[in-house]
Amino acid sequence: MSLIPSFCGGQRTNIFDPFSLDMWDPFDGVFTSAFANVPASARETSAFANTRIDWKETPEAHILKADLPGLKKEEVRVEVEEGRILQISGEKSKEQEDKNDKWHCIERSTGKFLRRFRLPENAKSDQVKASMENEVLTVTVPKEEEKKSEAKNIEISG
């Protein structure tokens with residue numbers, strides 16, 4: 001018994017699956033008709049454009065992490081523009097289609113993504129490092145050491 005509904009369409013007839021009962025759905029076709037005039041390329045890009053990125057700050061660095069399923073490191077670019085703008089971009093291409101293929105469901109996102117972040121003034125933007133492991137991109141931006149102000153004792157006269 002599935003706990004996850006199928007969004008691929010088709011006839012839902014498994015009476016043992018509460019998400020697959022043949023029932024009237026007032027929203028059936030609403031989303032497909034709403035996007036009928038939107039080009040397929042725009043739908044694909046918008047689906048992949050919402051790449052989520054986590055940004056945390058440690059005492060030593062700013063660390064950004066992005067889940068990029070299905071992407072290889074060659075398909076991802078990390079750049080620093082104008083000294084303080086960190087740009088992460090990439091593209092996930094569609095699979096090659098054979099004329100004999102018959103697709104039943106397409107849910108995986110394809111297209112381009114671009115995210116830009118203004119780095120804080122304490123970031124060493126010339127020392128940015130990026131690595132990718134298990135489809136997770138990690139960008140490390142070292143921080144300048146905080147200049148600790150030294151207290152100067154002043155003698156009190158009198």
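The legends below describe close-up views of a predicted model of one protein chain.

**View 1. The whole chain has 2 helices and 7 strands.**
Along the sequence the elements follow the pattern α-α-β-β-β-β-β-β-β, with both helices placed before the strands. The chain has 158 residues, and 21% of them count as buried. Its accessible surface comes to about 13,200 Å², and carbon and sulfur atoms account for 50% of that surface. Among contacts between residues at least 6 apart in sequence, 52% join residues at least 24 apart.

**View 2. Four strands form an open sheet in the order β1-β2-β7-β6.**
The pairing in this sheet is antiparallel. Strands β1 (53-57) and β6 are the edge strands, each pairing on one side only. From one strand to the next, the twist averages 15°.

**View 3. Strand β7 (residues 136-142) pairs with β2 and with β6.**
Strand β2 (residues 61-67) runs antiparallel to β7 and is joined to it by 7 bridges. In this pairing, Leu 64 has Val 139 of β7 as its bridge partner. Strand β6 (residues 129-133) is also antiparallel to β7, with 5 bridges between them. Here the bridge partner of Lys 129 is Thr 140 of β7. Strand β7 is mostly covered, with 5 of its 7 residues buried.

**View 4. Strands β6 and β7 form a hairpin.**
There are 2 residues between the two strands. Asn 134 lies in this turn and has a positive phi of about 55°.

**View 5. The largest nonpolar core holds 15 residues.**
In soluble globular proteins, nonpolar side chains tend to be buried together. The core members that touch the most other members are Leu 64, Leu 68, Leu 86, Ile 88, Leu 137 and Val 139. Strands β2, β4 (85-92), β5 and β7 each supply at least two residues of the core. Strand β7 gives the most, with 3 residues. Two of the core residues named here, Leu 64 and Val 139, are also bridge partners.

**View 6. Leu 86 is in contact with residues from several stretches of the sequence.**
Neighbours within four places in sequence are left aside in this view. The contacts of Leu 86 then include Leu 64 and Val 139, which, like Leu 86, are members of the largest nonpolar core. Leu 86 is also in contact with Val 78, Glu 79 and Val 80. Further contacts of Leu 86 are Arg 115, Arg 116, Phe 117, Leu 119 and Val 128. Of these contacts, Glu 79 also takes part in a salt bridge with Arg 77, and Arg 116 in one with Glu 81.

**View 7. Glu 57 and Lys 143 form one of the 3 salt bridges in the structure.**
Side chains of opposite charge can pair when their charged atoms come close. In this pair the closest N and O atoms are 2.7 Å apart. Glu 57 lies in strand β1 and Lys 143 in the segment after β7, so the pair links distant parts of the chain, 86 residues apart. Lys 143 has a relative accessible area of 11% and is therefore buried.

**View 8. Glu 79 and Arg 77 form a salt bridge.**
The closest N and O atoms of the pair are 2.5 Å apart. Glu 79 is partly exposed, with a relative accessible area of 22%, whereas Arg 77 counts as exposed at 51% relative accessibility.

**View 9. The side chains of Glu 81 and Arg 116 meet in a salt bridge.**
The N to O distance is 2.2 Å. Glu 81 is in strand β3 (residues 76-81) and Arg 116 in strand β5 (residues 111-118), so the salt bridge ties together parts that are 35 residues apart in sequence. Glu 81 counts as partly exposed, at 26% relative accessibility. Arg 116 is partly exposed as well, with a relative accessible area of 47%.

**View 10. Lys 94 lies in the loop between β4 and β5.**
At 49% relative accessibility, Lys 94 counts as partly exposed. Lys 94 and Gly 111 are 17 residues apart in sequence. In space, the two residues are 7.7 Å apart, C-alpha to C-alpha.

Technical notes
Residues numbered from 1 in each chain as written. Predicted model: local features only at pLDDT ≥ 70, side-chain atom pairs only at ≥ 80, totals over all residues. Heavy atoms only, no water. Buried < 20%, exposed > 50% of the residue type's maximum accessible area, 1.4 Å probe, protein only. Pairing = 2+ DSSP bridges. Axes fitted to C-alpha atoms, helices over the stretch in contact; angles between N-to-C directions. Salt bridge = Lys/Arg side-chain N within 4 Å of Asp/Glu carboxyl O. Core = buried A, V, L, I, M, F, W, Y, C linked by side-chain atoms within 4.5 Å. Contact = heavy atoms within 4.5 Å. Areas by Shrake-Rupley, 256 points an atom, 1.4 Å probe, with all protein chains shown as cover.
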